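Welcome, and please open the model in your viewer. Have the selection tool ready, and we will go from stop to stop together.

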Amino acid sequence: PNVPAQSLVNAANVTLKSVMDAKANPKLVWVDPTGWTGFETLDSTHPTANGYATLAAYAEPAYRTALGL
């Protein structure tokens with residue numbers, strides 16, 4: 001993995017989560033992407049089309065759970 005880029009992504013996720021928490025809006029749902037690994041990338045950071053399909057397999061169940069579906 002692209003360690004410097006991943007560090008920036010991790011920092012951005014911490015900031016985004018903090019902003020969402022500060023808003024305290026029940027319509028905002030945070031789904032933690034920690035552990036979303038094993039997806040194909042173009043440059044060790046940005047997913048390919050296949051990479052997005054892999055990420056969707058992580059995201060869909062997480063969003064369903066978060067939304068109570």
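This tour goes from the whole chain to its helices and then to some side chains.

**Before you start**

You are looking at a predicted model, in which local features need pLDDT of at least 70 and side-chain atom pairs count only at pLDDT 80 or more, while totals for chains, interfaces and linings use all residues. Residues are numbered from 1 along each chain as its sequence is written, and side-chain values use heavy atoms, with hydrogens and water left out.

**Stop 1: the whole chain**

Show the protein chain as a cartoon and you will find two helices and zero strands. Both kinds of element are DSSP runs numbered from the N terminus: helices are H or I with at least four residues, and strands are E with at least two. Switch to the C-alpha trace, which spans about 35 × 25 × 15 Å along its principal axes. How much of the chain is buried? Buried residues make up 10% of the 69 residues. Here, buried means under 20% relative accessible area, exposed means over 50%, and partly exposed is in between, with a 1.4 Å probe and protein chains only.

**Stop 2: helix α1**

Select residues 3-23, which form α1. This helix has 21 residues and reaches 30 Å from its first C-alpha to its last, close to the 30 Å expected at 1.5 Å a residue. The expected span is 1.5 Å times one less than the number of residues.

Pick Val3, in helix α1. Val3 is exposed, with a relative accessible area of 55%. Now add Thr45: the two are 42 residues apart in sequence, and their C-alpha atoms are 9.3 Å apart in space. Next, try Gln6, also found in helix α1, which counts as partly exposed at 38% relative accessibility. From Gln6 to Trp30 you can draw a C-alpha to C-alpha line of 19 Å, with their positions 24 residues apart in sequence.

**Stop 3: just past α1**

Step on to Ala24, in the loop between α1 and α2. Most residues other than glycine have a negative phi. Ala24 has a positive phi of about 50 degrees although it is not a glycine. At 60% relative accessibility, Ala24 counts as exposed.

**Stop 4: helix α2**

Select residues 49-67 for helix α2. Its 19 residues should span 27 Å at 1.5 Å a residue, and the end C-alpha atoms are 26 Å apart, which agrees. Where does α2 bend? Look at Ala56, where the bend is about 25 degrees; this is the angle between axes fitted to the seven residues ending there and the seven starting there. Colour Gly51, Leu55 and Ala59 as well, since these residues of α2 are buried. After the helix comes Gly68, with a positive phi near 70 degrees.

**Stop 5: an aromatic pair**

Show the rings of Trp36 and Tyr58. The structure holds one aromatic pair. The ring centres of Trp36 and Tyr58 are 5.8 Å apart and their planes are at 5 degrees, so the pair is stacked. Rings of Phe, Tyr and Trp (its six-membered ring) pair if their centres lie within 6.5 Å; planes under 30 degrees apart count as stacked, over 60 as edge-to-face and the rest as tilted. The pair links distant parts of the chain, with Trp36 in the loop between α1 and α2 and Tyr58 in helix α2, 22 residues apart. Tyr58 is partly exposed, with a relative accessible area of 30%.

**Stop 6: the salt bridges**

How many salt bridges are there? The count comes to two, where a salt bridge is a side-chain nitrogen of Lys or Arg within 4 Å of a carboxyl oxygen of Asp or Glu.

- Lys17 and Asp21: their side chains meet at 2.7 Å, N to O. Both lie in helix α1, four residues apart, about one turn of the helix. Lys17 is partly exposed at 29%, as is Asp21 at 48%.
- Arg64 and Glu60: their side chains meet at 3.0 Å, N to O. Both lie in helix α2, four residues apart, about one turn of the helix. Arg64 is partly exposed at 42%, as is Glu60 at 45%.

**Last stop: the chain's end**

Finish with Leu69, in the segment after α2. Leu69 is exposed, with a relative accessible area of 71%.
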